[in-house]
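Biologist: Got a minute to go through this one with me? I'd like to start with the loops and then move on.

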Amino acid sequence: MRVPLTVGDHLRRAAEVYAGKPAIVDEPGTPGSWGTVTYRQLDARARGMAIALDALGVGQGERVAMVSPNASRFQAAFFGVSGYGRILVPVNYRLNAEEIRYVVEHSRASVLLVDPESDEALAGVTAKHRIVLDGVADAELFAEATAQPREWAADEDATCSINYTSGTTARPKGVQLTHRNCWINAATFGWHVGVGDSDVFLHTLPMFHCNGWGMPYAVTAMGCKQVVVRKIVGEEILRRVDEHGVTLLCGAPAVVAAILDAATARAQRGEEIPGGGRVRIVVAGAPPPSKTIERVEGELGWELIQIYGLTETSPLLTINRAPAEWDALAAPERARRQSQAGVVALGVQIATAGDGEVLARSNHVFAGYWQQPEETARVLEGGWFHTGDEGHVGDGGYLVISDRKKDVIITGGENVSSVEVEDCLYQHPAVAEVAVIGVPDDKWGETVKALVVLRSGQDTSQAELIAFCRERMAHYKCPTSVEFPDALPRTATGKLQKFRLRAPYWEGRDRRVN
Ligand code: AMP
């Protein structure tokens with residue numbers, strides 16, 4: 001008889017097989033930190049949460065939104081909410097109150113869970129049940145259960161999470177991932193990265209990000225010891241790698257850069273760099289520069305594995321894990337090959353459309369945008385998911401992402417919709433026309449730049465426009481530079497030619513994404 005693939009399986013199995021083993025070590029010194037809990041306890045706390053949701057009358061398919069940096073209770077919520085038939089909406093805590101209100105209201109979440117550090121800023125954001133995870137409330141919410149929650153009609157095609165992501169529209173879209181999507185993505189991830197019970201996983205990737213790329217499920221299923229990092233500080237990451245014997249972590253290229261900086265500082269102080277020959281670091285979100293890859297392998301002695309994917313694909317599409325025969329190559333050539341997005345993951349099909357757009361099919365392709373059927377139909381046209389990325393499949397089946405068709409900027413691994421930033425700037429009285437583009441940046445990969453045509457007789461400055469945006473949007477979305485051309489290039493029909501605006505900044509590079 002077939003068994004539905006549901007995400008609750010991962011923790012249920014771990015609680016049976018690895019009952020007394022440390023499951024997760026929380027960040028010490030944060031409000032309501034859990035210290036170390038075992039798999040038996042983690043499972044009991046997730047069940048406790050499901051029982052609490054039963055008691056609140058939260059039905060199957062209802063949304064539970066969570067605004068929190070990484071924490072053990074966030075990991076427990078993946079299972080306490082989604083594992084028992086509700087839908088988790090993990091919200092990007094870096095958004096401002098207005099942006100978070102949009103996500104909570106748009107998803108029509110009946111429960112809102114808020115980290116105490118965000119409570120004050122989010123005072124105006126409410127839901128039917130608003131719970132601040134201050135250590136007291138969550139001790140109740142995640143009380144270790146001895147009983148079982150209400151049964152739910154397990155359905156692998158039901159949505160288990162809605163992850164909001166910035167795309168081509170001014171407002172973020174809610175990506176509905178199903179149990180089957182997440183389950184198969186996690187299994188495929190585990191297969192390719194080789195996750196086993198001796199692994200120690202460091203949660204550096206924000207858990208709100210596309211289910212932490214599926215790692216929260218994969219590492220739980222395999223009974224790995226997990227260690228939480230709340231804020232990205234390179235030296236802190238190195239310290240934990242050392243202290244806990246970490247073997248596996250994930251991060252966008254900007255996180256890798258922070259780790260490399262910290263390692264350089266350690267080397268200058270004559271201190272050791274931990275994890276050499278032991279750590280695998282999985283990098284995605286943007287292409288890691290080949291120099292970064294060379295340094296990770298040369299200076300840290302860590303293995304770098306690149307993946308490519310999107311929130312809409314749960315996210316895994318391609319993987320680049322250097323095969324043994326590349327060991328014989330000179331470091332720069334090996335790094336160049338590693339900087340390609342990779343070969344298809346098991347169960348994934350990739351194609352390129354006539355205009356170079358990368359198309360994908362797999363069991364991880366999402367169930368559609370929440371309440372946006374037209375957008376869903378647009379990206380799934382012809383039975384393929386349209387990634388909005390441009391690329392080609394080259395030697396040995398390696399996919400190379402060369403440009404972005406969609407009007408999205410990726411800075412420090414976070415997506416920024418150019419349209420959203422443009423909409424914000426149009427509210428300023430001195431702005432007649434604006435185009436927002438991504439330009440290369442050493443620290444963040446890309447950074448947001450605004451080109452503004454002023455209204456006649458009006459004046460403003462770069463500093464004023466940046467400050468204007470910072471009052472209205474999450475700071476990572478705001479321009480870091482503004483220029484004031486006399487006009488913007490347009491086609492005869494009036495369409496803005498962004499590629500012409502971008503061209504001078506990307507000259508001499510072999511790809512126009514960073
Ligand atoms: P998100 O939905 O936030 O995961 O962002 C997905 C987007 O990130 C993709 O459409 C790509 O533009 C970009 N991306 C992710 N991984 C890579 C990679 N390895 N190389 C190039 N771009 C990437």
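Modeller: Sure. Bear in mind that this is a predicted model. A place to start is P315, which sits in the loop between β13 and β14 (316–320).

Biologist: Which residue does the cis peptide bond join to P315?

Modeller: S314 is joined to P315 by the cis bond, with omega at about 10°. Most peptide bonds are trans.

Biologist: And what is the phi of R108 like, positive or negative?

Modeller: Positive, about 50°, although R108 is not a glycine. Most residues other than glycine have a negative phi. R108 is placed in the loop between α4 (97–106) and β5 (111–114).

Biologist: OK, ligand next. Which residues come nearest to it?

Modeller: Q306, I307, T311, D389 and K406, out of 15 residues around the ligand.

Biologist: Which strand gives the most to that shell?

Modeller: β13, residues 303–309, with 4 residues. By class, the shell has 6 nonpolar, 6 polar and 3 charged residues.

Biologist: What about polar contacts? How far is the side chain of D389 from an oxygen atom of the ligand?

Modeller: An N or O atom in the D389 side chain is 2.6 Å from a ligand oxygen atom. For Q306, a side-chain N or O atom lies 2.8 Å from a nitrogen atom of the ligand. P287 uses its backbone instead: an N or O atom there is 3.4 Å from a ligand nitrogen atom.

Biologist: How much of the ligand does the protein bury?

Modeller: 95% of the 500 Å² that the ligand exposes when taken alone.

Biologist: Changing topic: how much space lies in the second largest pocket?

Modeller: About 810 Å³. The pocket is lined by 37 residues, and P287, P289, S290, S339 and R511 are the closest to its centre.

Biologist: Which helix gives the most to that lining?

Modeller: α10 does, with 5 residues. The elements that each supply at least two lining residues are α10 (253–268), α11 (290–300), α12 (331–338) and β19 (399–404).

Biologist: How does the lining split by class?

Modeller: It has 13 nonpolar, 12 polar and 12 charged residues.

Biologist: Last one. Why does the pocket lie between domain 2 and domain 3?

Modeller: Because domain 2 (349–403) and domain 3 (408–506) both give residues to its lining.

Definitions and conventions:
Residues numbered from 1 in each chain as written. Predicted model: local features only at pLDDT ≥ 70, side-chain atom pairs only at ≥ 80, totals over all residues. Heavy atoms only, no water. 1 Å grid on protein atoms, 1.4 Å probe; cavity = no way out; pocket = protein on both sides within 12 Å on 5 of 7 lines; lining within 4 Å. Points joined across faces, edges and corners; volume = space filled by probe spheres on them. Nonpolar A, V, L, I, M, F, W, Y, C, P; charged D, E, K, R; others polar. Domains from an automatic or database assignment. Near = heavy atom within 4 Å. Polar contact = N/O pair within 3.5 Å; in protein donor to acceptor, adjacent residues only side chain to side chain. Areas by Shrake-Rupley, 256 points an atom, 1.4 Å probe, with all protein chains shown as cover.
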